[in-house]
Amino acid sequence: MTQTILYARVSTVDQNLDHQLSQATAAGFVIDDVVSDHGVSGVSVPLAERPNGRRLFDKLRRGDTLVVRWVDRLGRNYQDVTDTIRHFMRQGVVVKTVINGLTFDGATRDPMQEAVRDALIAFMAATAQAQAEATKEAQKAGIAAAKGDRERYRGKKPTYDRDGLDKVRDMLATGSGTSEIAKVVGVSRQTVLRIKGDPAAAEAALARWGM
């Protein structure tokens, strides 16, 4: 019997894993089991070396489906993410993302389709790493600011936390409206529009406040 497993990960202890499961369920996935890692970096710790991430390599069998919110849950290192997805495809496992509803499998044998699929995997993995690097630089800037006029540099404290920012991004990616997002996350429409217009600045604001 095949199974559908959701892998969820958060990198800090104050983030909530529940959103990733509820979002997958809302997208129509029937989840048989959840494997999760809490407070584990997707940059420095490969999936196979995480406390529960390595369980996926033992649990998943041919015909199973691995569901993730987006590829950045598997990791934020280009090589690790691409190697992981290709490993599972070779094992006959289907990898699906909640955001954008993408499917990666080894079913096709057409070289052009394979090329397009592999290019998309590479692009998404590279994007995940680029976002992680941008966050790291913003955090460095926040630490440097602490040595000077901290309050003046940090600006106004964000009305959202890390989990809230993730929710806004997720809902924007799935086409939700500004008012709906604001209501669900508990922020103003203007905040949603600012995040939509400049997600890097929203990330940097959290980093400056150590959130």
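**Close-up views of a predicted model**

**View 1. Helices α6 and α8 pack at an angle of about 75 degrees, with their axes 10 Å apart.** The model shown here and in the other views is predicted. An angle of 65 to 115 degrees counts as roughly perpendicular, so α6 and α8 are roughly perpendicular to each other. Which residues meet here? From α6 come Leu-165, Val-168 and Leu-172. From α8 come Val-192, Ile-195 and Lys-196. By class, this contact of α6 with α8 has five nonpolar residues, one charged residue and no polar ones.

**View 2. Helix α7, residues 178-185, packs against α8.** The angle is about 110 degrees, and the axes lie 8 Å apart. That makes α7 roughly perpendicular to α8. On the α7 side, the contact is made by Thr-178, Ser-179, Ile-181 and Ala-182. On the α8 side, look for Arg-189, Val-192 and Leu-193. Sorted by class, the contact of α7 with α8 has four nonpolar, two polar and one charged residues. Val-192 of α8 takes part in this contact, and Val-192 also appears in the contact with α6.

**View 3. The second largest pocket has a volume of about 440 Å³.** Its lining is made of 21 residues. Which of them lie nearest the centre? They are Asp-72, Gln-131, Arg-169, Pro-199 and Glu-203. Four elements give two or more residues to this lining: α4 (111-145), α6 (162-173), α8 (189-197) and α9 (199-208). Helix α6 provides the largest share, with five residues. By class, the lining of this pocket has 10 nonpolar, eight charged and three polar residues.

**View 4. Five strands form an open sheet with mixed pairing.** Read across the sheet, the order is β2-β1-β3-β4-β5. The edge strands are β2 (33-38) and β5 (103-104). Each edge strand pairs on one side only. In general, strands of a sheet pair through backbone hydrogen bonds, either parallel or antiparallel.

**View 5. Strands β1 and β3 pair in the parallel sense.** Strand β1 covers residues 4-10, and strand β3 covers residues 65-68. How many bridges join this pair? There are three. To find the pairing in the model, start at Ile-5. Ile-5 stands opposite Leu-66 in β3.

**View 6. Helix α1 lies across three strands of the sheet: β1, β2 and β3.** This helix spans residues 18-26. Helix α1 runs at about 145 degrees to β1.

Key
Residues are numbered from 1 along each chain as its sequence is written. This is a predicted model: local features need pLDDT of at least 70, side-chain atom pairs count only at pLDDT 80 or more; totals for chains, interfaces and linings use all residues. Side-chain values use heavy atoms; hydrogens and water are left out. Two strands pair if DSSP finds at least two bridges between them. Contact means heavy atoms within 4.5 Å. Axes are lines fitted to C-alpha atoms, for helices over the stretch in contact, and angles run from 0 to 180 degrees between N-to-C directions. On a 1 Å grid over the protein atoms alone, a cavity is a set of points where a 1.4 Å probe fits but cannot get out, and a pocket is an open set with protein on both sides within 12 Å along at least five of seven lines; lining residues have an atom within 4 Å of a point. Grid points are joined across faces, edges and corners, and a volume is the space filled by probe spheres set on the points. Ala, Val, Leu, Ile, Met, Phe, Trp, Tyr, Cys and Pro count as nonpolar, Asp, Glu, Lys and Arg as charged, and the others, Gly among them, as polar. Angles under 35 degrees count as roughly parallel, over 145 as roughly antiparallel, 65 to 115 as roughly perpendicular and the rest as oblique.
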